[in-house]
There are 2 protein chains.
Amino acid sequence: MFPVVLPNRPFREPAANARGKLLEAAVRLVRTQGFAATSVDDLCREAGVTKGAFFHHFPSKEALGVAAADYWSQSTGAFFASAPYHLIEDPVDRVLAYIDLRMALIGGPVESFTCVAGTMVQEAFRTSAAIRIACETSIMTNAAALESDIAAAMAQAGVTGTTAASLARHIQAVIQGAFVLAKTQENQSCADLAREQLGHLRRYFTMLFNADEKEAPR
Amino acid sequence: MFPVVLPNRPFREPAANARGKLLEAAVRLVRTQGFAATSVDDLCREAGVTKGAFFHHFPSKEALGVAAADYWSQSTGAFFASAPYHLIEDPVDRVLAYIDLRMALIGGPVESFTCVAGTMVQEAFRTSAAIRIACETSIMTNAAALESDIAAAMAQAGVTGTTAASLARHIQAVIQGAFVLAKTQENQSCADLAREQLGHLRRYFTMLFNADEKEAPR
DNA sequence: GGAAACATACCAACCGGTCGGTATGGTGCA
DNA sequence: TGCACCATACCGACCGGTTGGTATGTTTCC
């Protein structure tokens, strides 16, 4: 149905300059260790650059965190914006296809499919307002991109009692929760547990959007 | 319906000895700063004990993390086990009442209602297997405590296509995801956003358990 | 040549953890 | 009763290494 999307395969081109290498290193290290446990030296080593390069491009470690969240937001946003599921005509199917796509992206080691923003905001929400806001923007922008499809699906199915924005946020919440639960597992089970959660999300949406069909012929 | 459960009010007695004080300090600091960003000195200052006391009771910071997860698991487990919602006869209502209770516990600053295990596992899943397992136990034990109620509700409503264990895990996933999203918000909105997610979870369960009534008279 | 893009060397503060020592209270025995 | 003995609880100075960050080159490219 879709071109195969390999999980764990980064969909970003290798960065040439130090700034890009540091952002890529930040994505990898934050995903595996978290932000606080990742030192500037770690980042430089992983990126293959020196500390001078780091502080040339970023005034502080916190600024790197903000930039990493923005970088993450932009690259994932572009990926989902260009995903072919948008071509599906029926809005309900389109929303479900988004969930299926998120499910297909889950695989391999847990740090290969988890979310940088979700990981970072857990640690930094109180210590760094800048990072918190950058993560908020990342997650909420991701949610907002789904609103129009969800609104169309709701209108078609006659769903009431909630809003498209709220449902879009819930998708993000379930995804983030799936990642947290996945991190409690040993290697092999991570992806299964995460996919299970998206399965329930899919079922919720299926029931919501089919409520019309089930209740109409009474 | 229930005796009022004040959110943000710890339901644990103040600890007398250094060990207990350190565990309480760990709960507070890990919730607000995360595990890695919390130093041993921070913990000692917050607990009002010295470093000597710390390493008398815990062989390492990692061991404190494990103990904190166990402590968290035990105290929350006891709280939910003794909650009066268990008295409700109808199993479907009982499951929904658990969700309502979780919803009622959300309020005040975000670090007063979030989960220690969920926060800690995000940072430590790769760096410390011991902490990862302690957090897994905490979350999965919490989930397992719901299984019998959910199984009874499923049997009564004739729900198929999933298992009680899977649904119990999903409750935990949505709660964890709600916490992550809440942390992206400024003070006032945190609780609202978290409650919104539990609202969707409640709707999912309501639809699941009423599926019987809707589909039977065809 | 001059600014941007890096590299090297270095710093003070802080990190987790160690260590010698003390205060206290229980136990066994004369 | 009283005292030697000892385990537990706790103290705070201290250690080597690491931290985020800086100051000062050197190279690269327009």
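Okay, let's start with a question: is Arg94(B) buried or exposed? Have a look for a second before I go on.

Right. Arg94(B) is buried, with a relative accessible area of 15%. The cut-off for buried is under 20%, so 15% puts Arg94(B) in that class. One thing to keep in mind the whole way through: this is a predicted model.

So who does Arg94(B) pair up with? Its salt-bridge partner is Asp149(B), and the closest N and O atoms sit 2.5 Å apart. Arg94(B) belongs to helix α5 of chain B, residues 91-104, while Asp149(B) belongs to helix α8, residues 147-157, so this pair ties together parts of the chain that are 55 residues apart in sequence. And the partner is tucked away too: Asp149(B) has a relative accessibility of 10%, so it counts as buried.

Now stay in that spot, please, since there's a hole there. Four cavities of 30 Å³ or more turn up in this structure. How do you look for such a thing? Rolling a probe the size of a water molecule over the atoms shows where empty space is left. The second largest cavity has a volume of about 40 Å³. Our two friends Arg94(B) and Asp149(B) are in its lining, along with Tyr85(B), Val95(B), Tyr98(B), Leu146(B), Ile150(B) and Ile171(B). By class, that lining is six nonpolar residues, two charged ones and no polar ones. Helices α5 and α8 of chain B each give at least two residues to it, and α5(B) gives the most, with three.

Next, the other salt bridges. Over all chains there are 20 of them, and I've picked a few. Take Glu196(A) and Arg169(B): their closest N and O atoms are 2.7 Å apart. Glu196(A) is in helix α10 of chain A, residues 187-215, and Arg169(B) is in helix α9 of chain B, residues 164-183, so here the pair joins two chains. Arg169(B) has 22% relative accessibility, so it counts as partly exposed.

Compare that with a pair inside one helix. Arg132(A) and Glu136(A) form a salt bridge at 3.4 Å, N to O. Both are in helix α7 of chain A, residues 129-144, and they're four residues apart, which is about one turn of the helix. Arg132(A) comes out as buried, at 9% relative accessibility. There's also a little network of salt bridges, linking Glu24(A), Arg28(A) and Glu46(A).

Last stop: the DNA. Find strand C on your screens. It's surrounded by 16 residues, and the closest are Thr50(A), Ser39(B), Val40(B), Lys51(B) and Lys61(B). Sorted by class, the residues of that surface are five nonpolar, seven polar and four charged. Which helices supply at least two residues each? They are α3 of chain A, plus α2 and α3 of chain B. The top contributor is α3(A), with five residues.

What part of the strand does the protein approach? Of the strand C atoms within 4 Å of the protein, 53% belong to sugar or phosphate, and the rest belong to bases. For the phosphates, zoom in on three side chains. Thr50(A) has a polar side-chain atom 2.9 Å from a phosphate oxygen of strand C. For His57(A), the distance from a polar side-chain atom to a phosphate oxygen is 3.1 Å, and for His56(A) it's 3.3 Å.

That's my tour. Any questions?

Conventions. Residues are numbered from 1 along each chain as its sequence is written. Chains are lettered from A and ligands numbered from 1 in the order in which they are written. This is a predicted model: local features need pLDDT of at least 70, side-chain atom pairs count only at pLDDT 80 or more; totals for chains, interfaces and linings use all residues. Side-chain values use heavy atoms; hydrogens and water are left out. A residue is near a molecule or strand if one of its heavy atoms lies within 4 Å of it. A polar contact is a pair of N or O atoms within 3.5 Å; within protein, one must be able to donate a hydrogen and the other to accept it, and residues adjacent in sequence count only if both atoms are side-chain atoms. Ala, Val, Leu, Ile, Met, Phe, Trp, Tyr, Cys and Pro count as nonpolar, Asp, Glu, Lys and Arg as charged, and the others, Gly among them, as polar. A salt bridge is a side-chain nitrogen of Lys or Arg within 4 Å of a carboxyl oxygen of Asp or Glu. Buried means under 20% relative accessible area, exposed over 50%, partly exposed in between (1.4 Å probe, protein chains only). On a 1 Å grid over the protein atoms alone, a cavity is a set of points where a 1.4 Å probe fits but cannot get out, and a pocket is an open set with protein on both sides within 12 Å along at least five of seven lines; lining residues have an atom within 4 Å of a point. Grid points are joined across faces, edges and corners, and a volume is the space filled by probe spheres set on the points.
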